[in-house]
Amino acid sequence: MGVPYRSAKYMEEIVNTTSIGSDNHFGEENLKILDKVTKSFYEDLCYVYGANGIKELNPEVLNRPSVVKAQMAELLDAAIQLIDYCYLPLLSEARCKIECLQEEKIEDQKEIIRLQKELVSQKNEELGLVSKTVESEMKSYSSVLQKSCSTALSPRNIATAVKSVKKEEDRSKELIVFGVAEKEGECIDTKITQILDQLEEKPRVSDCKRIGLRTADKVRPIRFSVRSVDIVQQILRKAKRLKGIDGYKSVYISPNRTLEERISRQKLVSELKEKRANDPDSNYFIRRGEVVKGD
């Protein structure tokens with residue numbers, strides 16, 4: 001067919017442009033050349049056997065009588081040269097690199113295990129020292145504590161203290177919403193969800209209910225709980241946005257303060273109003289329990 005199929009056609013570019021057999025022989029550029037030569041060999045092979053692609057080459061196609069023995073011998077010789085000169089060394093080098101990587105991985109794992117053991121041993125020593133120190137201090141003060149704290153550590157006082165801590169913890173996860181219209185048969189959960197939607201917040205809320213005595217001339221606030229203090233703080237940071245949203249301009253959200261905290265807050269608000277009235281050109285606001293003047 002007039003196409004030179006001898007192995008020299010495929011090997012010439014590899015031999016002239018690469019360093020087969022050297023340490024860097026399978027660098028990126030060498031692999032590109034090998035890929036190019038392989039594709040050239042496939043194209044010639046398909047041309048000789050009249051196939052449209054390498055996938056069409058099967059025993060039936062390869063046994064076509066139209067391909068003479070000399071052509072088959074030249075193609076076979078070229079394939080052997082490529083396998084022996086390129087592919088087998090490539091596989092061998094890949095195997096060596098894989099083995100090296102596996103050995104490095106094993107060594108790294110051993111080092112990690114050694115460091116973990118050292119860390120555990122160090123922490124055990126530190127815990128032992130802490131345990132001895134605590135034990136010593138407990139013995140030193142045990143007699144004093146037994147005398148002075150017998151009343152304070154009574155079961156009733158302990159239960160009261162635990163209840164107080166639990167109540168304070170629950171309060172820190174609660175919010176109070178003012179200014180939400182009150183109607184007979186209302187769904188309070190839905191109202192709270194709609195308000196939070198305006199703030200682009202979708203926490204899981206619970207225990208939604210009105211608080212205080214119901215009167216004809218007063219709208220009772222709503223109290224609800226979320227899962228964490230962080231969520232409470234996030235909602236409070238966004239709550240001021242409601243002033244600029246139609247239908248929610250009269251809605252106000254605050255933390256669930258104790259009586260003492262509410263009294264202190266009222267004093268701060270009164271002080272804030274007084275300062276703003278006396279100095280309307282300045283910017284006053286409440287920060288960390290104090291009325292401060294902005295720049």
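This is a guided tour of the model, stop by stop, with something to select at each one.

**Before you start**

You are looking at a predicted model, in which local features need pLDDT of at least 70 and side-chain atom pairs count only at pLDDT 80 or more, while totals for chains, interfaces and linings use all residues. Residues are numbered from 1 along each chain as its sequence is written, and side-chain values use heavy atoms, with hydrogens and water left out.

**Stop 1: the whole chain**

Show the cartoon for an overview. The protein has 8 helices and 6 strands; helices (H or I, at least four residues) and strands (E, at least two) are DSSP runs, numbered from the N terminus. Walking from the N terminus, you pass the elements in the order α-α-α-α-α-β-α-β-β-α-β-α-β-β.

Now switch on the surface. About 21800 Å² of the protein is accessible, and 54% of that belongs to carbon and sulfur atoms; such areas come from the Shrake-Rupley method with a 1.4 Å probe, and for residues only the protein chains shown count as cover. Of the 295 residues, 24% are buried. Buried means under 20% relative accessible area, exposed over 50%, and partly exposed in between (1.4 Å probe, protein chains only).

For contacts (heavy atoms within 4.5 Å), take the pairs at least 6 apart in sequence: 55% of them join residues at least 24 apart.

**Stop 2: the largest nonpolar core**

Select Val177, Ile192, Ile195, Phe224, Ile235 and Ile253. Of the 21 residues in the largest nonpolar core, these touch the most other members. A nonpolar core is a set of buried Ala, Val, Leu, Ile, Met, Phe, Trp, Tyr and Cys residues joined through side-chain atoms within 4.5 Å. Two or more residues each come from strand S1 (174–178), helix H6 (188–198), strand S3 (222–225) and H7, with H6 giving the most, 4 residues.

Centre the view on valine 177. Leaving aside residues up to four places away in sequence, valine 177 touches Ile192, Ile195, Pro221, Ile222, Phe224, Val251, Tyr252 and Ile253. A second, separate core has 15 residues, among them Ala51, Val61, Val67 and Ala79.

**Stop 3: lysine 238 and its partner**

Next, pick lysine 238 in helix H7 (residues 229–238). Which residues does lysine 238 touch, not counting those up to four places away in sequence? They are Leu199, Glu200 and Glu201.

With glutamate 201, lysine 238 forms a salt bridge whose closest N and O atoms are 2.7 Å apart; a salt bridge is a side-chain nitrogen of Lys or Arg within 4 Å of a carboxyl oxygen of Asp or Glu. Glutamate 201 sits in the loop between H6 and S2, so the pair links distant parts of the chain, 37 residues apart. Both lysine 238 and glutamate 201 are buried, lysine 238 at 17% relative accessibility.

Step back one residue to glutamate 200, in the loop between H6 and strand S2 (206–210). Glutamate 200 is exposed at 64%, and its phi is near 60 degrees, a positive value in a residue other than glycine. Aspartate 207, in strand S2, also has a positive phi, of about 55 degrees.

**Stop 4: more salt bridges**

The count of salt bridges comes to 14. Select arginine 214 and glutamate 182, which meet at 3.7 Å, N to O. Arginine 214 is in the loop between S2 and S3, while glutamate 182 is in the loop between S1 and H6, 32 residues apart. Add Glu184 and Arg220 to see one network of salt bridges that share partners with this pair. Then try lysine 202 and aspartate 197, paired at 3.1 Å, N to O.

**Stop 5: along helix H4**

Finally, go to leucine 91 in helix H4 (residues 69–148), exposed at 58%. Together with Ile83 and Leu88, leucine 91 forms a nonpolar surface patch of about 290 Å² accessible area. Patches are made of residues with over 30% relative accessible area and no salt bridge: like charges are joined within 9 Å, nonpolar side chains (Val, Leu, Ile, Met, Phe, Trp, Tyr) within 5 Å.

Why do cysteine 96 and cysteine 100 not form a bond? Their sulfurs are 6.7 Å apart, too far for one, because a disulfide is a pair of cysteine sulfur atoms within 2.5 Å. The count of disulfides is 0.
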